[in-house]
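Q: Could you take me through the aromatic pairs in this protein, one ring at a time, and then show me what else sits around them in the fold? I'd like one connected walk-through, please.

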Amino acid sequence: MAGPVKTEAVVLRSMRYGEADRILQLYTPDRGRLSAIAKGVRRARSRFGGRLEPFFRLRIELHEGRSELLTVTGAQTVDGYARLRGDAPALDAAARACDAVGRLFETSEPHPGVFNLLCRELALLDEQAAGQRAPLGWRGALAFRLKLLLAAGLAPQLAVCASCGEHEHLVGFSGAAGGVVCAACEAGSFPLGEDAYRFMTEALGRALTEVPEASDPALGQVERAIAATLEHHAHVRLMPAAARV
Ligand SMILES: [Zn+2]
């Protein structure tokens, strides 16, 4: 598959390389995660300007040779999310969102839904940084992660006990079982309160802009449930969903 590649992409990471180059980790709708080198990008007169920085959404042209590393030959900005760059909490949330996507979807397998979800999350954080929306903080970050789990085919079983199918007395969460468990199956699980349960079911069914309310202890249980699911079923460990103050 050598030759030119044109695609949209979000820059997940951008690392200095050599004298003037950068290695980019990109997330694309149709080729998943890929790595590319941008040559001469750190020179003052680079034609790429400053747009090969993290969180930029680009229309990008790449050359694919024999190496796994593609070469950037052109890039236009679709959205730079300029406002989030001036806001420390939004910047931190964007970095965590991009890191989660890069770790969970690290292959070239296409997941256009994940690309759209990431762009939506970055746009939301940009609007929050501009004061157009109330910041969603920790619960917004967890809702985003739950939707990533769904896209990865790892959505936890929430309707019935993941172990025995019981409909009632769902009191715990088990990463190994892959969801909520009933009182009889709770060995090896941790407690999941009603608030956390409600948050998970509602957040999975709603838009990213309509994240349900929940107490901090409930959000702690949700984060633990997400982490347990990822560790057991994807062998991935993510950084905390939000910076703790
Ligand atoms: Zn059970």
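A: F173 and F190 are both buried, in what is a predicted model. Their ring centres lie 5.9 Å apart and the planes meet at 40°, so this pair counts as tilted. A pair needs planes over 60 degrees apart to be called edge-to-face and under 30 to be called stacked, and 40° fits neither, so "tilted" is the label that is left. As for where the two rings come from, F173 belongs to strand 6 (residues 170-174) and F190 to strand 8 (residues 190-191), so the contact ties together parts that are 17 residues apart in sequence.

F190 has another partner too. R224 lies over the face of the F190 ring, 4.1 Å from the ring centre.

Now for the other pair, since the count comes to 2 aromatic pairs. Here the rings are those of Y27 and F105, with centres 6.5 Å apart and planes at 65°, so this one is edge-to-face. Y27 sits in strand 2 (residues 21-28), while F105 is in the loop between helix 1 (88-104) and helix 2 (112-129), so this pair ties together parts 78 residues apart in sequence. Y27 and F105 are both buried as well.

Next, the metal. A zinc ion is coordinated by the SG atoms of C161, C164, C182 and C185, at 2.3 Å. Along the sequence, those donor residues follow the spacing C-x2-C-x17-C-x2-C. What geometry does the site of the zinc ion have? It is tetrahedral, with angles of 105 to 115° among the 4 donor atoms. The donors don't all have the same surroundings, either: C161 is buried, with a relative accessible area of 3%, whereas C164 comes out at 47% and counts as partly exposed. The cut-offs matter for that last label: buried means under 20% and exposed means over 50%, so 47% falls in between.

Two more aromatic residues deserve a look, this time for their backbone. F55 has a positive phi, near 80°, in a residue other than glycine. You'll find F55 in the loop between strand 3 (32-38) and strand 4 (57-64), and F55 is buried, at 7% relative accessible area. Y81 also has a positive phi without being a glycine, in this case about 45°. Y81 is in the loop between strand 5 (70-79) and helix 1, and its relative accessible area is 2%, so Y81 is buried.

Stepping back to the whole fold, the protein has 5 helices and 8 strands. Read along the sequence, they run β-β-β-β-β-α-α-α-β-β-β-α-α. Of the 245 residues, 48% count as buried; F173 and F190 are buried, and so are Y27 and F105. Among contacts with a separation of 6 or more, 57% come from residues 24 or more positions apart. The Y27 and F105 pair, for its part, links parts 78 residues apart.

Finally, the overall dimensions. The C-alpha atoms fill a box of roughly 65 × 40 × 25 Å along the principal axes. The radius of gyration is 20 Å, and a compact globule with 245 residues would have one near 18 Å, which agrees.

Definitions and conventions
Residues numbered from 1 in each chain as written. Predicted model: local features only at pLDDT ≥ 70, side-chain atom pairs only at ≥ 80, totals over all residues. Heavy atoms only, no water. Phe/Tyr/Trp six-rings, centres within 6.5 Å; stacked < 30°, edge-to-face > 60°. Helix = DSSP H or I, 4+ residues; strand = E, 2+ residues; numbered from the N terminus. Buried < 20%, exposed > 50% of the residue type's maximum accessible area, 1.4 Å probe, protein only. Lys NZ or Arg CZ within 6 Å of the ring centre and 35° of its normal. Donors = N, O, S within 2.8 Å, 3.2 Å for Na, K, Ca; no water. Tetrahedral: all angles 85-135°; square planar, octahedral: opposite > 155°, others 65-115°. Rg over C-alpha atoms; globule rule 2.2 N^0.38 Å. Contact = heavy atoms within 4.5 Å.
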